[in-house]
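Here's a quick briefing to read alongside the structure. Have a look at the picture first, then work through the topics below.

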Amino acid sequence: MQAADRVILADALSKRYKLGVRADRDKTLRDEITRHVASAGARVRRRPGSDDPARFTWALRDVSFEIERGEVVGIIGRNGAGKSTLLKILSRVTQPTSGRARIRGRLGSLLEVGTGFHGELTGRENVYLNGAILGMRRAEINRRFDEIVSFSEVEKFLDTPVKRYSTGMVVRLAFAVAAHLEPEILVVDEVLAVGDLGFQRKCIGKMSEVAGEGRTILFVSHNMAVIQALCSRGIFLERGAIHTDADIGEAVRSYLRSVEEDSLSDLADRQDRRGWNEVVLAGVDVIAPGGRGGIATGMPTRFVFRTRRQDSDDERRLSCTFTIVNSLGQPLATIASSDHGPQDVANERDLDVFVCEIDALPLVPGRYRLDVEIHGRAYLQDAVEGAATFDVAQGTLEGRPVAGGRPGDIAIPHRWIVPPLD
Amino acid sequence: MTTRTHEPLAQTDHDHLPETGAEILVERERGWPSLRLWELWEARELLYFLVWRDVKVRYKQTALGVAWAVLQPILTVVVFTVFFNRVANISTGDVPYPVFALAGLVPWLFLANGVTIGSASLVANANVITKVYFPRLVIPTAATLSGAPDFAIAFVITLIVAACYGIFPTLAILAVPFVLLLVLATGLGASIWLSAANVEYRDVRYVVPVALQLWLLATPIVYPANQLHSPWNVILGLNPMAGAVEAFRWAVIGTPFPSVGLVLTSAVVALVMLGSGAFYFRAMERRFADII
């Protein structure tokens with residue numbers, strides 16, 4: 001019977017969250033007591049809004065799938081599509097509101113690199129602590145200690161407190177511990193977004209090694225290239241439900257198509273936003289200034305971001321950060337208005353529009369999208385993936401034609417020279 | 001709702017820990033919570049590492065480090081002696097007041113420090129709780145136990161101070177582990193209740209220090225309990241620390257054994273606190289990751 005090879009069975013998993021969790025955070029004993037005392041007098045104690053559907057949001061709705069031993073499954077979708085919620089339910093961090101999942105075998109989850117790391121403790125101590133938190137036995141950690149340390153490349157600093165480590169070192173050590181967890185099912189959430197490229201390669205190598213040993217991996221990432229290299233199957237979640245469950249190529253295509261379609265729809269209607277949303281991104285335009293032709297390699301280009309404040313009295317200063325992403329979902333460059341340079345002109349008249357000008361667009365012909373974040377003081381106000389899509393036509397960079405269809409997306413101004421011969 | 005059915009994988013008992021090949025069922029828990037004590041037992045190594053982390057970090061982070069474990073009981077006893085003995089004129093019979101107060105204070109500080117750290121422990125470990133699954137009861141338990149080295153130091157100080165006043169322990173000192181169990185049951189019970197409540201109601205942390213002050217006064221630490229007569233000496237036992245402190249003094253500095261009724265009442269109350277706390281905690285635990 002083939003059921004013997006089935007390691008995860010999700011049956012109509014659903015998760016409902018209360019809206020305004022942040023407001024809930026401030027729930028206090030004092031309010032509760034006042035409420036009870038007040039209602040004891042009135043005798044009409046109503047459980048506030050417990051059945052009022054407007055107060056809830058479904059992070060996951062009726063998600064069903066089966067995963068067999070040895071499958072490497074990429075979970076893709078936009079922010080808020082339910083990817084993290086799904087992984088949290090499978091790793092038992094949170095309970096589903098309804099539905100169930102059956103999991104066979106030891107499941108190790110890596111929802112964040114370095115969970116439980118403590119800055120005051122040394123690297124060595126953190127390996128043991130983190131290992132124990134992730135569910136390893138002490139004997140197991142002892143056995144694999146040398147392997148973990150050599151994978152992490154931080155041998156020299158093992159007895160230094162982790163607070164003196166660079167971020168890269170912490171990530172390397174933390175991933176090394178998790179990579180040696182040896183679960184039968186490994187659940188990984190976007191951990192490769194950190195760390196330098198060399199180490200990212202090493203981690204991906206380790207994960208494909210794990211996959212090659214016949215273990216099952218569930219992997220969340222925004223990097224479509226990595227997902228496609230690693231996974232054989234893709235589950236594309238949209239608004240808490242499965243949109244596509246197919247081989248990875250088809251799932252990624254379906255996802256990218258959907259992101260692109262969304263970027264054509266009205267930005268203000270988009271629901272897949274993050275942040276406080278007291279200020280939202282209302283419009284994005286990519287234009288060639290002066291109206292001379294379209295967007296092309298080497299041409300002057302303007303990125304225009306319009307924001308809208310919910311409250312017209314709101315006078316906070318905003319900043320805008322955007323990332324140019326290629327058609328495979330790989331980020332190419334991030335530009336932030338908060339990184340000031342002498343060439344910037346502060347916009348004193350109208351703080352609600354950001355215009356970023358590039359003299360010569362250094363992108364090869366192709367289709368690109370913009371992921372945009374709006375920050376107000378210290379808070380993320382709005383973040384929209386694929387806020388706009390634009391096509392770059394063939395053009396010239398400093399008079400030199402730039403050809404598409406080769407590896408890479410960036411056109412770099414350059415010259416060929418004849419070196420001095422003596 | 002969906003009526004889709006899947007063939008079950010295998011009918012194994014899902015209530016057991018996911019050993020290799022075993023199957024776990026992930027679904028919403030309903031009704032009366034199960035304590036899952038075997039999960040706690042399975043997590044004993046994690047408990048050990050968390051206690052060790054808390055102890056290590058505390059000694060590393062505080063400027064005085066280990067010295068604080070020595071200074072806290074001594075300074076408090078000096079203050080108590082000046083105010084309660086000299087000024088308020090509380091008499092403790094044959095036992096010199098500093099020894100009397102110290103022998104009451106040492107188990108109390110173990111409890112009070114444990115409850116202070118324990119009640120804040122879940123919120124302090126929020127990042128771990130939202131990322132990794134393990135029996136959550138381990139967290140307040142580890143926080144409460146992390147006061148053990150401080151207690152050991154203070155215990156030795158008590159023996160030294162008592163010896164300076166010519167009081168030496170008798171065989172009764174062998175009862176100290178049992179008294180400690182009573183203190184631990186009380187401290188764990190309070191920590192478990194308060195840490196879970198603190199996830200839901202963030203003002204619990206403001207209540208804890210005040211409550212501990214009142215609890216200190218309700219415990220015969222600065223004053224002796226032997227002036228109380230029946231039934232008050234048993235009613236006092238409703239405060240489990242009353243029985244614990246009285247029994248600790250008996251075991252360490254040889255004061256008369258408190259009434260059996262007092263100690264038994266304290267033990268029963270401590271166990272009720274611990275048991276009810278564990279069930280409350282397990283019921284609240286279903287929502288920790290969502291609201292913390």
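## Starting at one residue

Let's begin with A:P407, which sits in the segment after β18 (400–401) of chain A. Keep in mind that this is a predicted model. From that residue we'll move on to the two chains, the sheet they share, and the cores.

**A:P407**

- Is A:P407 buried or exposed? A:P407 counts as exposed, because it has 5 C-beta neighbours inside 10 Å, and a residue is called exposed at 12 or fewer.
- Take A:R273 as a reference point: A:P407 and A:R273 are 134 residues apart along the chain, and their C-alpha atoms are separated by 32 Å.

**Chain A in outline**

- Chain A has 422 residues, and 42% of them count as buried.
- Its secondary structure comes to nine helices and 18 strands.
- Looking at contacts in chain A between residues at least 6 apart in sequence, 73% join residues at least 24 apart.
- Chain A is split into two domains: domain 1 covers 2–22 + 53–257, and domain 2 covers 267–401.
- Taken over C-alpha atoms, the centres of domain 1 and domain 2 of chain A are 31 Å apart.
- Where these two domains of chain A touch, domain 1 puts in nine residues and domain 2 puts in eight residues.
- On the domain 1 side of that contact with domain 2 in chain A, you'll find four nonpolar, four polar and one charged residues.

**Strand pairing in domain 2 of chain A**

- Strand β10 (residues 279–287) of chain A runs antiparallel to strand β11 (residues 301–309) of chain A, with eight bridges joining them.
- One bridge to pick out pairs A:D285 with A:V304 in β11(A).
- β11(A) also runs antiparallel to strand β14 (residues 353–358) of chain A, this time with six bridges.
- A:V304 turns up here again, standing opposite A:V355 in β14(A).

**Chain B in outline**

- Chain B has 12 helices and one strand.
- Read along the sequence, the pattern begins with the β and carries on with α after α.
- Of the 292 residues of chain B, 44% count as buried.
- Its C-alpha atoms fill a box of roughly 80 × 45 × 40 Å along the principal axes.
- For contacts in chain B between residues at least 6 apart in sequence, 79% join residues at least 24 apart.

**Where the chains meet**

- How many residues does each chain bring to the contact? Chain A brings 52 residues and chain B brings 41 residues.
- On chain B, at least two residues each come from β1 (23–27), α2 (44–61), α5 (126–129), α9 (204–217) and α12 (260–291).
- α2(B) gives the largest share of the chain B side that touches chain A, eight residues.
- By class, the chain B side that touches chain A has 18 nonpolar, seven polar and 16 charged residues.

**A sheet built from both chains**

- Four strands make an open, antiparallel sheet in the order β2(A)-β1(A)-β4(A)-β1(B).
- Why do β2 (56–68) of chain A and β1 of chain B each have one side left without a neighbour in the sheet? These two strands stand at the edges and each has a single partner strand, so one side of each stays free of a neighbour there.
- From one strand to the next, the twist averages 15°.
- Strand β1 (residues 6–18) of chain A is joined to β2(A) by nine bridges, and the two run antiparallel; within this pair, A:K15 stands opposite A:L60 in β2(A).
- The link across the chains is made by strand β4 (residues 98–104) of chain A, which pairs with β1(B) in the antiparallel sense over five bridges.
- In that cross-chain pair, A:A101 stands opposite B:V26 in β1(B).

**The nonpolar cores**

- The largest nonpolar core has 158 residues, and A:L90 and A:F219 are those with the most contacts inside it.
- Helix α4 (residues 97–124) of chain B supplies the largest share of this core, 16 residues.
- Leaving out residues up to four places away in sequence, A:L90 touches A:I8, A:A101, A:I103, A:L107, A:V187 and B:V26.
- Another core, of 32 residues, lies apart from the largest one, and includes A:V325, A:L361, A:F390 and A:L397.
- As general background, nonpolar side chains tend to be buried together in soluble globular proteins.

Key:
Residues are numbered from 1 along each chain as its sequence is written. Chains are lettered from A and ligands numbered from 1 in the order in which they are written. This is a predicted model: local features need pLDDT of at least 70, side-chain atom pairs count only at pLDDT 80 or more; totals for chains, interfaces and linings use all residues. Two residues are in contact if their C-beta atoms, placed from the backbone, lie within 7 Å. Ala, Val, Leu, Ile, Met, Phe, Trp, Tyr, Cys and Pro count as nonpolar, Asp, Glu, Lys and Arg as charged, and the others, Gly among them, as polar. Two strands pair if DSSP finds at least two bridges between them. Domain bounds come from an automatic or database domain assignment. A residue is buried if 20 or more other C-beta atoms lie within 10 Å of its own, exposed if 12 or fewer, and partly exposed in between; C-beta atoms are placed from the backbone. A nonpolar core is a set of buried Ala, Val, Leu, Ile, Met, Phe, Trp, Tyr and Cys residues joined through C-beta atoms within 7 Å. Axes are lines fitted to C-alpha atoms, for helices over the stretch in contact, and angles run from 0 to 180 degrees between N-to-C directions.
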